[in-house]
Amino acid sequence: MRGREPVGSVRIVTRHEFRTAVTRPSYLILTAAVPVLVALAVAGFAIFTLVTREDAEAETASSAESNAQTPRLGYVDLTNGPALFGAHQEQPGAVFVPMSDREAGIAALMDEQIDALFVFPPDFAETGTVVRVRIADDGGVFGPDGPSYSGTLRGFVLSNLFADEVPAGLAERLQVPFTLVVEEARPDGAEDESAGFDIGRAAFFAVAGISLLFSVFFSSGYVLNALVEEKENRVMEVLLSSVKPDALLLGKFLGLGAAGLLQMAAWLASVGVGVLVVGRIVDIPADFLTMPGVGDIAIAAGYFLFGYALFASLMAAVGAITTSLREANQISAIVIVPAFIPVWLNFILFTEPEGTVARVLTFIPVTAPVTGLIRLAIDAMGPLETVAALLVLAASASGALWLAMRLFRAYLLMYGKRPTLKDMARSIASG
Amino acid sequence: MATLTTSGPPVRATGLWKRFGALDVVRDVSLEIAQGEVVGFVGPNGAGKSTTIRMMLDIFSPDRGTVEVFGAPIDDAARRRIGYLPEERGLYPGLRIPPILKYMAELKGVPSHDAPELADAALERLGLTEHRPKKVGELSRGLRQLLQFAATIQHKPDFLVLDEPFSGLDPVNVRLMKNTVADLRNDGVAVLFSTHQMTDVEELCDRVVMINHGEIVLNGGVREIRRQHASDRLLLECASDMPYALCLPGVAAAEMHGDGWRLSLTDEGSAEGVLRALLDAGIPIERFEREAPSLEEIFLRIVGSSDGNGTPDAGTRAGG
């Protein structure tokens, strides 16, 4: 029919494939499944948190009622020489009450005038031993004596022994001598603003890696299923009389890829919302919830798109040479399984992220996407290696697409018999 | 139908050659179809019909030879002027009819907003309007076939390729499709009609092209071919018995045939001589004709003379 403006075949196929995919009940159910599961998990978590928080508050209230005042910890100083523990009796969270002797302390403990009783024996200076006296048959460690008060006791001892010996301002260091913080220095002397392990960045790349694995399963699987179904339904020849094979394949790539990515986006968004909600509930530090940088997003997007293109192309090649959905699914394992090798070898990647195995897997096309994202998550890939790996992956994806198109053209209308490797080699060579 | 603006015939294939593996499936096939012409494309299974069609539609690239559609190598614009109903056909069983027809129409260049109107017209033409809301999988085989035909013609193609279009249809729907094809021909559409049913070719086609072992072995008008293959026998029916038929000049043998006689001529005999002798003898003639073979008989004769049965499809591809 003439007089009509030509419409891009690729766009038409893309739109059709996208619409057909996203309106399938299986797609809708699968897409909704993750948000529903996340919602249920978050709701369950919220309920659990609410219940446990109420229990804790009830326990705290009960404890406050039974102990209307700060815990009183009795102590008997039997050390030789001048008394060691005559001062600093008010400690954070407790008050130390001197007892004249052990018997008086036990009597006070039994009368619940004090919450715990500690005895400093005569040889304390030599041995460091402190005896805590408890009432027999009291129900164990967490019986009426309650907590161990070891931290409070430590503060009491240190204060009495050394507080007057150290300069003002350093007494706190008796309690907490140091807090270890790790910083990294670059060999070239440049300052590293992102020194240290960036948990937010690690989480971002880890989620991207998991998403990529899912996309291997789903998005590229849609391409495989669509091709084989059209072969089985004998629709293919009708389509090929209207559109060139390359345009048809490209349209399927884009349409089904978009459907897969939409599904992935829905999943990631639901997980993101879930994390935010959980963060509100348990007060996750803000650093965990910050947005990744533009560079990291670009790298993840590169791995994602090239990875999808690679696996979808390989799936298309499988779809082109197989004759039934069952056969196609069996053969597709050859493509899918290698994608999981980095997951199986994760212990090597985590222990030796810059070792030979990790580097080799980074540059093998089918293992590159997941390996790269894992190594990026643990900050074990430099910029040059990242760019090189992405270039290799992009080239591999292009090669796989070229291969798929050759096989697609050669075997799309073949029904009933799978070509031999020799046939395929000849078809690839001849185009 | 809009006025055609072609600069050449709807299709002109020249010297097509295609090899699969070690077998030349199509060998030096040339074929041209004029506007408004219906050409029957016949041949045994595996003769190369489907492969030739696929090359003409640019689904397969020929190893040698050229294809021109409307005077130029086939491109997207030319592809949109073609309607193709392949032998190996199907539609998406899980989809409803309107989106399928819309998709097929859009692939043929129909603007999205025009597609529903064209689809409805095609459905109405083929009596499928009541099935419009259904999914393809809910239709019977025959209705699915009609639906595919609707998808093939809805965009008003100028060149129509039908590969075994009537297989699986009941006589009513066969008649409906034949009438539609005839209407399209009257509108100037060129039709290439591939089939095994010689009676359909005799009924629908202006010309017949026979292919065997990848080569065209017969190409001409249906009546002309039948005349060319006419035998040296006459069919005769008279109002009275003809005990002296053998005595007619130029007749070598006579045998009862239906309600009359089949006369075999001698080398010197002619139909005119026999007719003149009958008239001179005052025999009341009810029927007198040269026995012309049917296309099926010609087909069997040609195929049989080459290999008896034709050859099965050597490749793994669908059709021939």
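## Contacts of F159(B)

Leaving aside neighbours within four places in sequence, F159(B) in this predicted model is in contact (heavy atoms within 4.5 Å) with P10(B), V11(B), I33(B), M56(B), F70(B), R81(B), I82(B), G83(B), V189(B), A190(B) and L192(B). Residues are numbered from 1 along each chain as its sequence is written, and chains are lettered from A in the order in which they are written. Local features need pLDDT of at least 70, side-chain atom pairs count only at pLDDT 80 or more, totals for chains, interfaces and linings use all residues, and side-chain values use heavy atoms, without hydrogens and water.

## Nonpolar cores

A nonpolar core is a set of buried Ala, Val, Leu, Ile, Met, Phe, Trp, Tyr and Cys residues joined through side-chain atoms within 4.5 Å; buried means under 20% relative accessible area (1.4 Å probe, protein chains only). F159(B) is among the residues with the most contacts inside the largest core, together with L248(A), M104(B), L147(B) and L192(B). This core has 116 residues. Apart from it lies another core, of 39 residues, including M264(A), A300(A), V318(A) and I374(A).

## Helix α15 of chain A

Helix α15 of chain A (a DSSP run of H or I, at least four residues, numbered from the N terminus) spans residues 356-363, and its buried residues are A358(A), L361(A) and T362(A). These residues lie on the same side of α15(A) because they cover an arc of only 105° around the axis, taken from the directions from the helix axis to the C-beta atoms. Among the elements that cover them are α11 (294-321) and α17 (383-411) of chain A.

Technical notes: Buried means under 20% relative accessible area, exposed over 50%, partly exposed in between (1.4 Å probe, protein chains only). Helices (H or I, at least four residues) and strands (E, at least two) are DSSP runs, numbered from the N terminus.
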